[in-house]
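Student: I have a model open and would like to go through it piece by piece. Can we work by question and answer?

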Amino acid sequence: MRRLPSSVCSPSSHRLSPVTSMSTGSNSLIWFRKGLRVHDNPALEHASNASSGSMYPVFVIDPRYMEPDPSAFSPGSSRAGVNRIRFLLESLKDLDSGLKKLGSRLLVLRGEPGEVLVRCLQEWKVKRLCFEYDTDPYYQALDFKVKEYASSVGVEVFSPVSHTLFNPTDIIQKNGGKAPLSYQSFLKIAGEPSCAESELVMSYSSLPPIGDVGSLGVSEVPTLEELGYREDEQAEWTPFRGGESEALKRLHKSISDKAWVANFEKPKGDPSAFLKPATTVLSPYLKFGCLSSRYFYQCLQRVYKDVKKHTSPPVSLLGQLLWREFFYTTAFGTRNFDKMKGNPICKQIPWKEDHDMLAAWRDGKTGYPWIDAIMVQLLKWGWMHHLARHSVACFLTRGDLFIHWEQGRDVFERLLIDSDWAINNGNWMWLSCSSFFYQALPLSLTIWMYCFFSHAYILRRCLYAGDMPKQYIYEPWTAPLSVQTKAKCIVGKDYPKPITMHDAASKECKRKMGEAYALNKKMNGNIGDDDLKDLRRKLEKDGESNIRNQRPKLN
């Protein structure tokens, strides 16, 4: 790999030579969706490089994603919590600021993105449309329609792969047309990314001017209020601000501690560290493309070259970036990746439906303080440590409640500021033991995880735990009534009774998973709806107890 200059990862050294325009006599449009950054943005580079006329930087407010939904269980739209929408608006505002410094600006329009883009191409006489390639099914379908129209009217389309280190299509082709289903096989097939030796364009001296925007209703980046939200909808907002500037600041602060980077080892880390998280918290910036994964990769490689010893994938910081690549590739190459039914890599399991239990888990009212504390942090901040995510996901699915991973996925998809279609679905399948596991049956991972969550974290985050002493904080129902009264946390009054008894629930979940695994093996995964119904009836007949009504003895 070519050794980069020592300044490549310095926060003060982002400017490279300006991009030179080609004499094509045409207008370009750069369509921002993710990739909300100036640095290392090949679509922006091509649009500015190839335009001798005007360049139109566009972002479309998609009602599907941004329009308020009063019926949702938390403030936000039907698909995204208000924390993520706010993070996105901050990212757009920062992008607009960066473009204005270069003589351009972000043109914000509203409507169904495909229809809006067609009108833009028509009215602005665009001859070159540039946007970052996106593997999400929604954008795959949208992009197909837009590219089909562009082709019909002679508009050149440039859609580079830059949201990920690798092109998922290339990996799948190398693997014989199938997505690799294990992390190690992915690493072996992928090898070193081409960006390892690329010189990335980090900034520009200027950008082509914007032409006449006509009558398309172009606006500045809206505020939350202008979208129909209220600033007081949440008592506490995520402390993580959106935008490229914040992404680069956070990246450079993280990598400046070379020893920390060299010794980073997942799953180690303190999930209770809420004031100063024990991870980089770069995931939301990678999700929205405020930070280039390619630049992140190069910065990590530079640090590794400067230290004598460092951790390696899968546990290293680089390993975490490669996990992202693995899930993107597997998701792209697997039909119905976001579903159990019709998903060829997902075990068919007769998950139960219990809307009350799901709501208790979602709202932080399970009666298990560390679970509730995590879910309250999710509701308030839209972010939590990866061990916290593991704990609540296991609790909901194969650890205690045996509720469908798709329902937990939907809650994460809505509330997380770093919610990413491929990674979210992949992790829920993994943690529910629905996919990516090859041993007979993994053990429960829920209760032992409580040791990671400190007394202080639980008291701060759990709204109902009062001032419960440390020895009772994990199982408050075991505290004497006098202790509960003094702590102002009487179980069943000030704090919910536990919705399930873990020991019995865990054994029952393990039994159900064992039966489901056996049926999947017997039928080679070809299980239909009737088979699942029969298995569900069998489980009930064999003695499935009503876990919901089993309560630990309360003092």
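Student: Where is the place of asparagine 524?

Tutor: This is a predicted model. Two helices frame the spot: helix 20 covers residues 502-522, and helix 21 covers 529-541. Asparagine 524 is therefore in the loop between helix 20 and helix 21.

Student: Is asparagine 524 buried or exposed?

Tutor: The cut-off for exposed is over 50% relative accessible area. Asparagine 524 has a positive phi of about 55° although it is not a glycine. Its relative accessibility is 65%, so asparagine 524 counts as exposed.

Student: Where does lysine 125 lie, and what is its phi near?

Tutor: Most residues other than glycine have a negative phi. Lysine 125 is exposed, with a relative accessible area of 62%. It lies in the loop between helix 4 and strand 4. Its phi is positive, near 55°.

Student: Which residue does a cis peptide bond join to proline 313?

Tutor: Most peptide bonds are trans. Here omega is about 10°, and the bond is cis. The partner sits in the loop between helix 11 (293-306) and helix 12; the residue is proline 314.

Student: What is the order of the strands in the open sheet?

Tutor: The sheet has five strands with parallel pairing. Strand 3 (107-110) and strand 5 (156-158) each have a single partner strand, so they stand at the edges. The twist averages 30° from one strand to the next. The order is 3-2-1-4-5.

Student: Over how many bridges do strand 1 and strand 2 pair?

Tutor: Strands of a sheet pair through backbone hydrogen bonds. One bridge places isoleucine 30 with proline 57 in strand 2. Strand 1 and strand 2 pair in the parallel sense, and the number of bridges is five.

Student: Which residue in strand 4 is the bridge partner of leucine 29?

Tutor: Strand 1 (residues 27-32) also pairs with strand 4, in the parallel sense over four bridges. In strand 4, the partner of leucine 29 is leucine 129.

Student: How many residues of strand 2 are buried?

Tutor: On one side, Met55, Pro57, Phe59 and Ile61 are buried. On the other side, Tyr56, Val58 and Val60 are buried too. Strand 2 is largely enclosed by the rest of the structure because the buried count is seven of the seven.

Student: Which helix gives the most to the largest nonpolar core?

Tutor: The core has 139 residues, and Leu36, Leu106, Leu291, Phe296 and Trp361 touch the most other members. The top contribution is nine residues, and it comes from helix 12.

Student: Is glutamate 325 buried or exposed?

Tutor: Glutamate 325 is found in helix 12 (residues 317-332). Leaving out residues up to four places away in sequence, it touches Thr164, Leu165, Phe166 and Phe186. The cut-off for buried is under 20% relative accessible area. The value for glutamate 325 is 1%, so this residue is buried.

Student: Which side chain does a polar contact of 3.1 Å join to that of arginine 128?

Tutor: Arginine 128 is in strand 4 (residues 126-130). It is buried, with a relative accessible area of 8%. The polar contact of 3.1 Å links its side chain to that of serine 26.

Key: Residues are numbered from 1 along each chain as its sequence is written. This is a predicted model: local features need pLDDT of at least 70, side-chain atom pairs count only at pLDDT 80 or more; totals for chains, interfaces and linings use all residues. Side-chain values use heavy atoms; hydrogens and water are left out. Buried means under 20% relative accessible area, exposed over 50%, partly exposed in between (1.4 Å probe, protein chains only). Contact means heavy atoms within 4.5 Å. A polar contact is a pair of N or O atoms within 3.5 Å; within protein, one must be able to donate a hydrogen and the other to accept it, and residues adjacent in sequence count only if both atoms are side-chain atoms. A nonpolar core is a set of buried Ala, Val, Leu, Ile, Met, Phe, Trp, Tyr and Cys residues joined through side-chain atoms within 4.5 Å. Two strands pair if DSSP finds at least two bridges between them. Axes are lines fitted to C-alpha atoms, for helices over the stretch in contact, and angles run from 0 to 180 degrees between N-to-C directions.
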